[in-house]
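Biologist: Could you take me through one part of this model in detail? I would like a close look at the place where the two chains meet.

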Number of protein chains: 2
Amino acid sequence: MDIKAMAMAAKDAARDLATASGEARAKALDAMAGELLAVKEQLMAANAEDVRQAREQGLPEAFVRRLAVTEKIFQYMVQRLREAAALPDPVGRVLEGRTMPTGLKASKVSVPLGVVAIIYEARPNVTTDASAVALKSANAVILKGGSESIRSNRVLVDAMRKAIREAGLPENAVQFIDSADHGAVAELLKQDDYVDVVIPRGGKSLIKAISQGTRIPVIKHYDGICHQYVAADADVEMAVKVVVNSKTDRVEVCNALETLLVDRAIAPVFLPAVAEAFRQKGVEMRGCQETCRILADAVPATAEDWDTEYLAPIISIRVVDGLAEAVRHITDHGSGHTDGIITDNLREARAFTAMVDSASVLVNASTRLSGGGAYGMGAVVGISTDKFHARGPVGPAELCSYKWIAEGNGHLRQ
Amino acid sequence: MDIKAMAMAAKDAARDLATASGEARAKALDAMAGELLAVKEQLMAANAEDVRQAREQGLPEAFVRRLAVTEKIFQYMVQRLREAAALPDPVGRVLEGRTMPTGLKASKVSVPLGVVAIIYEARPNVTTDASAVALKSANAVILKGGSESIRSNRVLVDAMRKAIREAGLPENAVQFIDSADHGAVAELLKQDDYVDVVIPRGGKSLIKAISQGTRIPVIKHYDGICHQYVAADADVEMAVKVVVNSKTDRVEVCNALETLLVDRAIAPVFLPAVAEAFRQKGVEMRGCQETCRILADAVPATAEDWDTEYLAPIISIRVVDGLAEAVRHITDHGSGHTDGIITDNLREARAFTAMVDSASVLVNASTRLSGGGAYGMGAVVGISTDKFHARGPVGPAELCSYKWIAEGNGHLRQ
């Protein structure tokens with residue numbers, strides 16, 4: 001495949017998209033949803049073949065599950081496209097602006113970044129989600145999915161390109177690297193003249209390798225060592241529900257809870273209550289000395305536990321002396337992804353949200369709600385753990401840059 | 001110098017700054033301005049010594065001029081600090097937010113990036129301007145100025161740190177690498193655990209070397225190959241004034257005009273008028289064939305001219321067939337810094353601002369107005385030619401990231 005030609009074609013498409021109306025882009029997104037419904041059978045057949053081959057190759061069952069397009073996932077893909085169509089246009093927002101005393105009108109207006117490359121693994125829904133986010137923000141997208149889902153992705157991409165073309169926009173708004181060749185990625189990462197941002201979705205080593213191997217800006221999505229701090233003034237019943245949901249709703253995802261911090265004053269009441277729920281759910285508890293004193297079946301945590309993203313039914317638990325110690329623990333051991341406090345005390349809630357420097361800071365809510373859906377952003381292409389450019393869920397607004405437009409009537413520099 | 005210790009101290013100061021009130025930071029900025037006035041004599045003496053030594057070393061006169069703190073520059077430094085104090089707080093702005101149907105309140109709130117490193121050359125006013133922008137946005141700053149201004153910078157930094165300390169904020173909010181050793185910069189660029197962004201101010205080779213030698217995000221400030229397009233409907237008198245000001249107000253700066261594009265319909269009237277003004281100002285004209293036909297004293301432009309940032313009293317001039325050709329020229333040859341149109345036609349003005357993908361797009365205004373001052377941003381630390389994170393003038397708002405704060409009352413993921 002000629003990756004450079006693909007990148008140049010994406011840049012051309014991006015230029016056209018940048019001046020297309022928000023209405024035209026919304027219509028294309030709706031058309032993409034419609035076309036997806038039209039090719040459903042074909043998609044399901046292609047996906048069944050992908051799944052069959054993955055099983056044949058002996059790939060792990062968890063991997064195969066991510067690869068499979070169930071009826072529920074299919075409906076979700078269609079819905080994400082329709083939701084994206086309905087969201088307000090992220091392009092052309094006046095982010096700030098003023099008329100200066102000289103009469104010069106200066107406005108900072110959002111514009112698309114240009115060309116977005118997404119490198120991801122198995123899930124075919126990333127193919128449509130990422131295209132939805134990109135097209136909503138008037139960016140052209142180059143998709144590089146995992147080779148295991150290549151048949152499914154072909155059907156999806158063909159359908160989306162057809163819909164975009166029929167809606168009167170450039171079909172190269174969505175392009176797909178139809179190759180299992182790793183050289184294609186290396187070539188893509190060289191296209192810093194044409195590609196404006198790379199978003200890798202996958203393991204830490206993939207992300208590291210990509211960000212060190214390119215001059216294109218990379219939006220990174222690292223670990224989620226997420227905390228909940230149960231303060232002295234927490235409602236115990238609510239705290240148990242929120243903590244258990246944070247840990248057990250899905251253990252293998254980045255916004256699952258890994259470490260529980262409990263104020264010493266509430267520990268004797270809260271810990272036995274939450275431990276009972278964890279036992280029922282089969283969650284292993286690894287605690288500090290004080291935790292182990294209160295919970296006979298907790299095993300002693302090692303220093304390493306506090307820095308571990310388990311992604312498994314295991315939780316580390318530490319009793320702390322108040323907010324300051326909780327914040328210090330999060331600062332020292334957290335990954336800046338998602339951290340929450342459970343409290344009925346307004347001052348503590350305010351102090352926690354001000355002092356904890358994480359992409360998402362929650363009050364009385366499950367860490368599992370950290371994400372674009374719960375925040376009303378619709379489809380996202382990932383959750384950034386960077387502070388630069390995009391932080392937290394990466395939706396259409398995060399794939400925008402801006403320009404300054406200054407309008408005068410003969411204004412000069414004096 | 002122990003650069004790592006300095007970076008760690010900056011991170012600690014940044015944590016304190018992040019929770020200090022906007023009022024406390026504004027008071028510190030005012031105190032910095034006051035302290036600058038208090039050390040004026042000492043500063044002027046130190047600067048005179050810097051200037052004397054630069055002359056002794058035979059440094060170019062233009063360089064020495066940038067080094068010298070004149071009365072006007074001193075007043076400007078003080079004023080920039082006071083202006084920064086008075087600007088609205090860029091931290092804690094709710095950038096977007098909503099209450100979801102579930103009752104979860106999600107807000108995207110601006111926060112400081114953390115630690116900003118600025119690497120620059122001679123001008124001592126960067127020392128105070130950069131500190132003003134950093135402190136306004138609650139960032140800690142590490143300054144590495146040119147060795148030629150080291151005496152001036154010492155006085156400035158000591159005064160600013162004293163003012164910050166007395167205002168009750170951590171003095172390590174402003175730190176200065178008091179060393180001419182190039183190894184210090186290399187060491188600084190390794191501190192990606194503590195430094196959140198690097199802003200080099202200087203030549204292209206400095207910026208390239210820095211951005212290739214670090215994993216810290218870099219805000220880059222490359223060439224300004226700036227254009228003015230004089231459309232068919234331009235007011236000729238205004239166009240002459242704006243174009244001449246764009247080119248001649250100061251030729252050596254990044255927002256000076258380099259290439260003039262003129263619609264064929266207005267060229268026979270406009271070009272002789274502007275040429276007369278250029279002759280009076282001693283500007284060399286390098287034209288396309290059509291330009292040379294109209295202006296007997298224009299020399300033929302070579303292909304290279306269209307891609308050159310002269311930073312000198314030279315202008316390249318091309319006659320084009322309307323807006324589309326002008327935009328195409330800017331797309332092919334511009335650097336995305338600052339480009340303007342001069343027209344009385346509303347449709348053309350709109351099309352130009354939509355189609356030209358530059359950090360600043362101007363209508364009927366001098367390219368020299370592209371910058372933080374004319375846009376009401378106050379002091380800036382540079383003008384970014386990146387699209388990622390910060391574009392155009394980099395003021396306090398551009399040194400911010402954000403976090404999502406989500407508040408529930410026991411919200412779970414279902």
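Modeller: Happy to! Let's start at the symmetry axis: among the residues of chain B, H389(B) comes closest to the rotation axis, with its C-alpha at 2.0 Å. Please keep in mind that this is a predicted model. A turn of 180° with a shift of 0.0 Å along the axis lays chain B on chain A, and the RMSD is 0.0 Å. The two copies are thus related as by a two-fold rotation axis. The interface fits that picture: 100% of the interface residues of chain B are also interface residues in chain A, so the copies meet through the same surface.

Now to the contact itself. Chain A and chain B each bring 65 residues to it. Between them they bury about 5400 Å², and carbon and sulfur atoms give 56% of that area. On the side of chain B, the residues that lose the most area to chain A are F388(B), W404(B) and R413(B), which together make up 16% of what that side buries.

There is a polar part to this contact as well. Residue pairs in polar contact between the two chains number 39, counting pairs with both residues at pLDDT 80 or more. Sorted by class, the side of chain B that touches chain A holds 32 nonpolar, 18 polar and 15 charged residues. Two salt bridges cross the interface. In a salt bridge between E398(B) and K108(A), the side chains meet at 2.6 Å, N to O.

Which elements of chain B build its side? Those that supply at least two residues each include the helices α1 (3-19), α10 (236-248) and α14 (346-355), and also the strands β1 (94-99), β2 (105-112), β13 (360-365) and β16 (400-411). The largest share, 11 residues, comes from β16(B).

That strand deserves a longer look. Five bridges join β16(B) to strand β13 of chain A, residues 360-365, and the two run parallel. Within this pairing, V361(A) stands opposite I405(B). On the chain A side, β13(A) is also joined by four bridges to β12(A), residues 338-342, again in parallel, and here G340(A) stands opposite L362(A).

Put together, these strands belong to an open sheet of 10 strands with mixed pairing, in the order β10(A)-β9(A)-β11(A)-β8(A)-β7(A)-β12(A)-β13(A)-β16(B)-β2(B)-β1(B). Its edge strands are β10 (299-300) of chain A and β1 of chain B, each of which pairs on one side only. So if you follow the sheet in your viewer, look for the step from β13(A) to β16(B), where the order passes from chain A to chain B.

Terms used:
Residues numbered from 1 in each chain as written. Chains lettered and ligands numbered in written order. Predicted model: local features only at pLDDT ≥ 70, side-chain atom pairs only at ≥ 80, totals over all residues. Heavy atoms only, no water. Contact = heavy atoms within 4.5 Å. Buried area = accessible area lost by both parts, 1.4 Å probe. Salt bridge = Lys/Arg side-chain N within 4 Å of Asp/Glu carboxyl O. Polar contact = N/O pair within 3.5 Å; in protein donor to acceptor, adjacent residues only side chain to side chain. Nonpolar A, V, L, I, M, F, W, Y, C, P; charged D, E, K, R; others polar. Pairing = 2+ DSSP bridges. Least-squares fit on C-alpha atoms with pLDDT ≥ 70 in both.
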